[in-house]
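Student: Would you please take one part of this model under close examination and set it in the context of the whole chain? A single connected account would be welcome.

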Amino acid sequence: MNRATAILPAGAASALRWFRWPSLLGLLGFWYLIALLLDDPVLVPSPLATLAAFHHHLVAGDLLFSLAVTLARVAVAFTLAMILGSIFGILLGRSQIMDDLFGGWLVIALNMPALVTMVLCYVWFGLNESAAVLAVTINKAPVVAAITREGARAIDSSLLEMTKVFAVPRLRVLRRIILPQIAPSFMASARAGLALTWKIVLVVELLGRPSGVGFEIRTFFNYFDIASILAYSLAFIAIVMTIESWILQPVERHVERWRHP
């Protein structure tokens with residue numbers, strides 16, 4: 001959608017972006033209809049009941065604190081995974097020898113169950129923050145590496161050969177040729193990684209941390225409080241959507257501006 005609207009006039013692109021709101025309202029209406037038809041406020045609370053639970057936890061509960069704790073874990077794990085995964089992916093994509101040697105490692109890492117990694121990290125390193133962040137990083141970095149590797153493979157080799165002929169400095173080659181061509185893959189890995197990271201963080205918190213959104217959801221599960229589970233989940237989803245709209249999408253438009261002069 002972003003690339004499609006990039007070639008449209010500014011007014012048309014803005015109008016298309018406004019179509020998301022009727023869609024979201026339609027989803028809200030569908031939720032309300034299902035809650036009305038099932039008529040079971042315990043199992044399927046209505047949007048209003050969920051909003052009331054959100055207000056209660058915002059005013060009297062630990063919603064803001066839990067969101068801040070989870071966001072901190074997501075930020076650290078996401079940053080580490082992006083750095084490590086990008087470096088590893090570029091190395092595999094630009095070196096056939098490296099790909100032959102370590103490509104199998106990447107396949108194993110991609111297919112390692114996240115739950116196994118979490119349990120092993122907790123057993124080996126204890127129920128602490130380092131183990132939690134490490135478990136998330138290990139699960140997310142291979143996804144970044146796999147996507148980045150494909151982007152590195154697609155770099156125009158003829159341009160690189162030309163830079164060697166004209167003795168272009170390596171830093172300029174990195175800034176002017178390699179990074180612009182690999183940027184779409186990097187943004188795709190960032191978007192997929194963000195979605196994956198916060199989901200894994202919630203599971204890590206549910207299994208072995210005494211704070212965060214995942215911990216709170218486990219507590220609400222014990223009390224069968226579906227409205228509070230939805231309230232916490234939707235609050236964090238709203239934050240992630242805000243990050244997508246206000247950070248990832250502007251960065252993506254900036255790094256790809258050379259494609260649409």
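Tutor: The account below begins with the chain as a whole, turns to helix 6 and its surroundings, and ends with some features elsewhere.

The model is predicted, so local features are taken only at pLDDT of at least 70 and side-chain atom pairs only at pLDDT 80 or more, whereas totals for chains, interfaces and linings use all residues. Residues are numbered from 1 along each chain as its sequence is written, and side-chain values use heavy atoms, with hydrogens and water left out.

The chain has 12 helices and zero strands; both are DSSP runs numbered from the N terminus, helices being H or I over at least four residues and strands E over at least two. Of its 261 residues, 35% count as buried, a term that means under 20% relative accessible area, with exposed over 50% and partly exposed in between (1.4 Å probe, protein chains only). Among contacts with a separation of 6 or more, 72% join residues 24 or more positions apart, a contact being heavy atoms within 4.5 Å.

Helix 6 covers residues 96–111. Its 16 residues reach 22 Å from the first C-alpha to the last, close to the 22 Å expected at 1.5 Å a residue; the expected span is 1.5 Å times one less than the number of residues. Helix 6 nevertheless bends by about 50° at F102, where the bend is the angle between axes fitted to the seven residues ending there and the seven starting there. D99, G103 and L106 of helix 6 are buried, and the elements that cover the buried residues of this helix include helix 5 and helix 8. D99 counts as buried because its relative accessibility is 11%. Beyond its neighbours within four places in sequence, D99 contacts L92, R149 and R153.

Helix 5 (residues 63–94) and helix 8 (residues 129–153) also pack against each other, at an angle of about 35° and with their axes 6 Å apart. Axes here are lines fitted to C-alpha atoms, for helices over the stretch in contact, and angles run from 0 to 180 degrees between N-to-C directions. The crossing of helix 5 and helix 8 is right-handed, that is, the near helix is turned clockwise from the far one by less than a right angle, anticlockwise being left-handed. The residues of this contact comprise 16 nonpolar, six polar and six charged; Ala, Val, Leu, Ile, Met, Phe, Trp, Tyr, Cys and Pro count as nonpolar, Asp, Glu, Lys and Arg as charged, and the others, Gly among them, as polar.

Y122 belongs to helix 7 (residues 114–125) and counts as buried because its relative accessible area is 10%. With residues up to four places away set aside, the contacts of Y122 include A131, A132, V204 and L207. The C-alpha atoms of Y122 and L134, 12 residues apart along the chain, are separated by 9.6 Å.

Helix 10 (residues 170–208) has a kink of its own, about 45° at A183, shortly before the proline P184. Helix 10 spans only 45 Å between its end C-alpha atoms, while a straight helix of 39 residues would span 57 Å.

Finally, F224, in the loop between helix 11 (213–222) and helix 12 (226–255), has a positive phi of about 55° although it is not a glycine. F224 counts as partly exposed because its relative accessibility is 45%.
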